[in-house]
Amino acid sequence: MAPSPPTAPKTIADFFVRPAKRLRSSAAKPSVVAPAASLSPSSPSSPSDPTALSPEQRRRADTNLALARARRNLRLAESKAGGGAKLEELLVEETWLEALSGELRKPYALDLCRFVAHERLNAKVPVYPPPHLVFHALHTTPFHNVKAVIIGQDPYHGPGQAMGLSFSVPEGIKIPSSLQNIFKELHKDLGCTIPSHGNLERWAVQGILMLNTVLTVREHQANSHAKKGWEQFTDAVIKTVSQKKSGLVFILWGNSAQAKIRLIDETKHHILKSAHPSGLSANRGFFGCRHFSQTNQILERLGLSTIDWQL
C-alpha cells in the first residue's frame, strides 16, 4: 500500500485565528466564514437582502466579515514578514495607513524600526510577538470600525503569549492572571460564561481597539523595548482616533493607561477608569467597575451596535 501523503504543516495563522462560528474550545479546525444566508437553517434572508436578517444574525454576519478581513491582513503581513520586510512595511491595513499617513516614516519611527530589526537579529533571546503580529491590533480593528479602546502596556513576554492585542493570548496558552480577573468581572457584570481560552480577537473585530503602548518585547524581559519609540507611535494612534472620531469609549485600567487621558478630547469621547486588573490591584477598584455593561450602554445611546462580550 502506498504511504499516505504528508499532512500540510500548520501556519502561524492557524494558531492565531478564531473560527468564524463559535465552537466549543475542544474544536480544532477553523470553520469557513459563513455567508449571511447560512447563519440560520430557517432564515429566509440572503446576502442580497440584508434587511431580512435579525439583529443577532446581522451581528454574526458582520463579525464573520470582520474576521475574514482580519485573516486577509494577517496573511498579507505574514507574507511580507516572510519576505524580510522592514517593520514599517508590516502595517498593511489600508484605513490605518491613511489615518496615520507618514507616521512610520518619521525620524523617530525609522530609528525604532532599526532598533527592532537589530534586536531580532542580535538579541540572545527571542523578541515577541512575531513580526507579522506586531500591528495585529490595527489589522483586526480598522480605523473606521473603532468603537472603544482598551489600552495595555507592553506585550506578554513568555513564549507563545504575545499576539499583538492587549491582554490577549492565543488559544492553548495559559490565561494570565490579569485576563482571568477581566473574565471574572465580565461574568459578574454581564453573566458571561468564563471562557477556557484567552483569545480576545472576537472583541477586536467588533470594534474594540486593543492597543498596547509598546508593541514588542524581549523574552522574559518586561519593558525591555520601552522608551525606544513605540510610545510615540501609539500616542499618535490614540491622538488620531481622538481627533478624527467622536463618541469613542476609552477603557483605561491602571495608572499607565490613565496617563493617556492627556491625549484624549474628553468633550468628544467617554472615559471609563478603574484600577488595573492585575492580581495586585484588582481588588482596589477593578472588580465591580462594570465597564463592559457601561460600554454597551454608551454605544446603545449613540445608536451603535453593542459588543457581544461572550467568547
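**View 1. Arginine 105, sitting out in the open, reaches for a buried partner.** Arginine 105 is exposed, with 53% relative accessible area, in this predicted model. Its side chain meets that of glutamate 88 in a salt bridge, with N and O 3.2 Å apart. The two residues come from distant parts of the chain, 17 residues apart: arginine 105 is in the loop between helix H3 (94-99) and helix H4 (107-122), while glutamate 88 is in the loop between helix H2 (55-82) and H3. Glutamate 88 has a relative accessibility of just 14%, so it counts as buried. The bridge is one of eight salt bridges that turn up when the whole structure is searched.

**View 2. Glutamate 103 and lysine 106 pair up.** Here the closest N and O atoms of the salt bridge are 3.0 Å apart. What about exposure: is glutamate 103 buried or exposed? Glutamate 103 is buried, at 8% relative accessible area. Lysine 106 comes out as partly exposed, because its relative accessible area is 38%.

**View 3. Lysine 260 and aspartate 235 form a salt bridge.** Their closest N and O atoms are 2.8 Å apart. This pair also ties together distant parts of the chain, 25 residues apart: lysine 260 is in the loop between helix H9 (255-258) and strand S6 (270-274), and aspartate 235 belongs to helix H8 (residues 230-244). Lysine 260 counts as buried, with 8% relative accessibility. Aspartate 235 is buried too, with a relative accessible area of 11%. Look for Arg262 as well: Asp235, Lys260 and Arg262 are linked in a salt-bridge network.

**View 4. Threonine 295 is tucked away in helix H10.** This threonine lies in H10, which covers residues 291-301. Its relative accessible area is 0%, so threonine 295 is buried. If you skip neighbours within four places in sequence, threonine 295 is in contact with Ala148, Val249, Ile251, Leu272 and Trp309. Threonine 295 has company, since the buried residues of H10 also include His291, Phe292, Ser293, Asn296, Ile298 and Leu299. Among the elements covering them are strand S2 (148-152), helix H6 (177-190), helix H7 (201-204), strand S5 (249-253) and S6. Just past the helix, check the backbone: H10 is followed by glycine 303, which has a positive phi, near 80 degrees.

**View 5. Helices H6 and H10 pack against each other.** The angle between them is about 60 degrees, and their axes are 8 Å apart. That angle makes H6 oblique to H10. Which residues make the contact? From H6 come Ile182, Glu185, Leu186, Asp189 and Leu190, and from H10 come His291, Phe292 and Ser293. Sorted by class, the contact has four nonpolar, two polar and two charged residues.

**View 6. Tryptophan 230 belongs to the largest nonpolar core.** This core has 68 residues, and those touching the most other members are Trp96, Phe135, Leu138, Trp203, Leu209, Trp230 and Phe233. H4 provides the largest share of the core, six residues. Zoom in on tryptophan 230 and, leaving aside neighbours within four places in sequence, you will find it in contact with Leu87, Leu112, Val116, Val134, Phe135, Thr213, Val214, Leu215, Thr216 and His225.

Terms used. Residues numbered from 1 in each chain as written. Predicted model: local features only at pLDDT ≥ 70, side-chain atom pairs only at ≥ 80, totals over all residues. Heavy atoms only, no water. Salt bridge = Lys/Arg side-chain N within 4 Å of Asp/Glu carboxyl O. Helix = DSSP H or I, 4+ residues; strand = E, 2+ residues; numbered from the N terminus. Buried < 20%, exposed > 50% of the residue type's maximum accessible area, 1.4 Å probe, protein only. Contact = heavy atoms within 4.5 Å. Core = buried A, V, L, I, M, F, W, Y, C linked by side-chain atoms within 4.5 Å. Axes fitted to C-alpha atoms, helices over the stretch in contact; angles between N-to-C directions. Parallel < 35°, antiparallel > 145°, perpendicular 65-115°, else oblique. Nonpolar A, V, L, I, M, F, W, Y, C, P; charged D, E, K, R; others polar.
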